[in-house]
Amino acid sequence: MEGRSSFPFPYQPYSIQEQFMQALYRALDQGKVGIFESPTGTGKSLSLICGALSWLTDFEEKRKQEADALLQKGQAALSSISSSTQAPDSSSTEPDWITEFVQKKAQRDLVSKLKERLKREERLEMIRNNVQLKFAMKRKNEEDEALKLLQLSKEELAEGAGDKEDEELIVAEYESDDETKSKNRSIFSGLYYVFLSQIYYCSRTHSQLAQFVHEVQKSPFNKDISVVTLGSRQNLCINEDVKNLGSNQRINDRCLEMQKNKHEKSDPEDGAKRRRGPAKAVCPFNKVSAQLQMRDDILGSVHDIEQLLRLGRELHSCPYYATRLSVPPAQLVVLPYQMILHEATRRAAGVQLKGQVVIIDEAHNLSDTLSCIHSAELTGAQVNEESRLKAKNLMYIKQILFVIEGLVKALGGKTFLCTEMLTINNFLFKAQIDNINLFKVSPLILNGTFYFYVFVFNSTCPLCTVPSSEQQGAVEFDKALSTSPMMQVEGFFMTLTNNNTDGRVVLHRQATLSESSVKFLLLNPAVHFAQVLREARAVVIAGGTMQPISDFKQELLFSAGVEEGQIAEFSCGHVIPPENILPIVLCSGPTGQELEFTFQNRDSPSMIDEMGRVLSNICTVVSGGVVCFFPSYEYSRKVITHWETTGALGRLANKKKIFQEPKKAHQVEQVLSEFSRCIQRCAHDGGSLTGALLFSVVGGKMSEGINFSDDLGRCVVMVGMPYPNIKSPELLEKMAYLDKHLPHRGGKSPGQALIENLCMKAVNQSIGRAIRHRGDYSTIVLCDRRYSRPATLSKLPSWIKERTCTHASFGPAFAALRKVRVQPCLKCI
């Protein structure tokens with residue numbers, strides 16, 4: 001397909017939005033790996049939606065035309081064969097009737113398959129157009145359709161190598177209300193085949209996903225696109241008894257247990273006697289007919305998670321499973337990071353990436369996210385608890401217990417404190433579990449078999465006392481499931497199946513076993529990201545701030561086998577006028593004290609005092625909100641304590657009301673609300689206070705995902721450079737791995753580049769909290785002379801770097817701050 005010159009858009013797009021959509025369209029059409037950077041406030045989400053869905057619409061139309069042409073060709077070939085009266089070919093070794101039969105069968109199969117596909121697409125189109133199909137369709141027809149889809153999916157899947165495991169989905173545990181005994185009759189199984197081209201959009205948090213769905217609702221594609229939003233049971237469960245269990249693990253366990261209870265109740269084995277006692281609990285929202293109806297409602301219009309919950313309550317249907325039932329026919333699937341980046345979770349959610357488009361938004365920390373998802377940590381207390389469980393006569397159960405005992409020995413084998421960094425193989429040898437096949441042991445934990453046999457055979461475990469009745473036994477079993485750390489153990493087991501060179505095991509021995517811990521550290525996130533890159537047609541990695549990109553490409557893309565020619569890059573400036581932002585590199589303070597917050601001199605009282613004078617001057621001339629970022633919590637406490645002692649904090653409080661980032665996450669919203677109200681009061685009251693000052697921490701609760709737009713962030717101050725802790729064993733191991741496996745560039749080792757890039761990524765995210773829309777304006781003050789280095793400046797976002805001024809002395813910088821207008825320019829209004 002050729003590129004587009006115009007795109008459907010809810011309003012006249014900015015020129016950079018048009019350029020973004022054109023570049024995105026080309027990347028998807030050519031099957032590229034795209035790196036797209038568009039600052040917050042430039043309409044990135046709408047550009048992604050309208051650019052990607054325009055391509056999808058064009059691609060589907062082209063594919064439909066090709067299918068129609070192929071169908072006509074097949075029908076013509078059938079007619080030609082049927083009317084052929086040619087004499088037998090004497091040179092042929094096969095009888096003429098055999099040749100004709102084979103030709104007819106091949107043509108019939110082709111025509112039948114194309115007709116089935118077109119019929120399915122027509123039905124989905126009817127659903128999207130909100131035809132009252134769900135009221136006319138009977139459940140019997142739905143099940144017949146599901147069986148046809150299952151048969152077609154098996155035929156199609158048989159043609160592609162390596163896709164067999166896609167049929168074995170964890171989520172396919174429901175049966176129809178007819179309670180058939182055949183597992184192959186599961187409606188879920190039949191619909192896990194993707195008939196349409198799909199776009200998978202993922203982001204970091206559920207609030208970001210909800211915001212994206214709201215943008216889809218405002219887009220011109222709102223009435224023409226089938227969208228489904230996936231989430232965890234914790235987010236989508238409407239069974240209050242289950243949801244009140246609190247933790248995601250307990251909710252998952254209870255949900256799966258109630259599914260099994262339903263099967264046991266409705267489908268007892270022939271000749272088996274029912275046990276007397278109270279009926280086991282089943283979920284009242286586990287009804288296939290209701291879920292099929294909810295599926296059609298989901299596909300008929302665009303819903304966010306809150307709307308899905310309301311719809312589920314209205315239809316008395318489980319949103320969690322109804323959304324998964326909606327995945328195969330949906331064109332746009334919106335889901336959290338983990339469901340795309342973790343293979344087992346993809347399978348469980350019914351996500352099939354083969355030939356599809358993947359968009360990963362807010363991807364600035366993609367490498368760290370991959371490492372985190374595929375890492376695991378166990379404490380000595382967790383493995384010691386499980387080591388008390390004893391099972392008999394079952395080989396794999398005994399193997400699990402054997403591995404757990406090995407972990408206990410590894411953690412408690414010495415009495416002195418130490419930290420060891422081991423390869424996977426060395427750790428297995430050290431724990432004496434190198435002879436166990438963890439590929440077979442781990443799934444046993446995952447599907448609950450271990451819990452069951454521990455409960456049945458163990459009479460010594462405090463959690464598994466002999467029940468006096470079936471009801472008490474169910475309570476005890478539920479308690480064992482909800483309190484057991486076996487899911488963490490299973491996660492750790494799976495990490496040990498990684499390649500020996502791709503990770504390390506960090507062994508922390510403390511004074512007691514319960515305080516000790518063992519952690520798997522993934523060093524090569526590319527090995528897991530490569531699976532996504534191989535399967536998908538195109539992958540788009542997007543963010544407001546993607547700089548620095550060089551290490552991103554090297555560590556995640558080149559290491560995964562992507563060539564430079566396969567990568568498409570796009571970066572645009574901001575829609576704000578240049579005068580709406582003033583970035584300043586401040587090299588010295590008011591008294592001439594040089595500002596260089598290195599680890600060696602940042603604790604100097606004179607340095608801290610000078611920073612207090614800088615902040616005091618800024619608060620004098622900047623009205624509204626000032627947000628000051630420190631490199632760490634420890635340094636923030638040290639500086640504020642010093643200012644309290646010297647009186648500098650009191651002088652700051654005379655100019656602006658002071659707020660500090662809270663220690664607990666649930667307090668963030670309250671602090672932000674009070675911060676906002678204070679700024680609004682100061683703007684209207686005209687008192688002595690000119691606004692508010694917020695002390696925050698780089699990489700903390702307010703450095704990402706928080707919006708300091710307009711008066712909330714008229715100035716952002718960065719104190720020093722937030723380099724990571726170079727003494728961290730994990731970071732040192734990561735640096736050593738990169739130095740060994742990646743090429744050296746620009747006179748720097750990959751390990752050194754990692755340190756600098758981690759620092760600048762954190763800086764870019766923090767200073768990006770201000771300037772959130774076209775009419776916004778702000779000042780950015782980088783307080784450290786090291787920011788003036790060309791190599792460091794080059795890692796700032798281009799729209800900030802181009803306006804950055806370096807001031808060797810404080811006077812000119814303060815004069816520039818005083819000239820900053822207090823109202824936006826007229827053309828921004």
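Start by selecting Arg785: at 33% relative accessibility, this residue counts as partly exposed. Keep in mind as you click around that the model is predicted.

Now add Glu596 to the selection. Arg785 and Glu596 form a salt bridge, and their closest N and O atoms are 3.1 Å apart. The two partners come from distant parts of the chain, 189 residues apart. Arg785 is in the loop between strand 17 (778-783) and helix 32 (790-793), while Glu596 is in the loop between strand 12 (581-586) and helix 26 (605-621). Is Glu596 buried or exposed? Glu596 counts as buried, because its relative accessibility is 16% and the cut-off for buried is under 20%.

Next stop, helix 26 itself. Show the side chains of Arg613 and Glu610, which meet in a salt bridge at 2.8 Å, N to O. These two are 3 residues apart in helix 26, so about one helical turn separates them. Colour them by accessibility if you like: Glu610 is buried, with a relative accessible area of 0%, whereas Arg613, at 35%, counts as partly exposed.

Then jump to helix 15, residues 343-349. Select Glu343 and Arg347, another salt bridge, with the closest N and O atoms 3.5 Å apart. Here the partners are 4 residues apart in the helix, again about one helical turn. Glu343 counts as partly exposed at 33% relative accessibility, and Arg347 does too, at 30%.

How many salt bridges does the structure hold? There are 22. One more spot to visit is the trio of Lys44, Asp361 and Glu362, which are linked in a network of salt bridges. As background, side chains of opposite charge can pair when their charged atoms come close.

For the last part, switch to cartoon view and find the open sheet of 4 strands, ordered 6-9-8-7 with antiparallel pairing. Which strands stand at the edges? Select strand 6 (376-379) and strand 7 (418-423): each has a single partner strand, so one side of each is left without a neighbour in the sheet. From one strand to the next, the twist averages 15 degrees.

Now zoom in on strand 8 (residues 503-509) and strand 9 (residues 517-522), which pair in the antiparallel sense over 6 bridges. Strands of a sheet pair through backbone hydrogen bonds, either parallel or antiparallel. To finish, pick Val505 and look across to strand 9, where Phe520 stands opposite.

Conventions
Residues numbered from 1 in each chain as written. Predicted model: local features only at pLDDT ≥ 70, side-chain atom pairs only at ≥ 80, totals over all residues. Heavy atoms only, no water. Pairing = 2+ DSSP bridges. Axes fitted to C-alpha atoms, helices over the stretch in contact; angles between N-to-C directions. Salt bridge = Lys/Arg side-chain N within 4 Å of Asp/Glu carboxyl O. Buried < 20%, exposed > 50% of the residue type's maximum accessible area, 1.4 Å probe, protein only.
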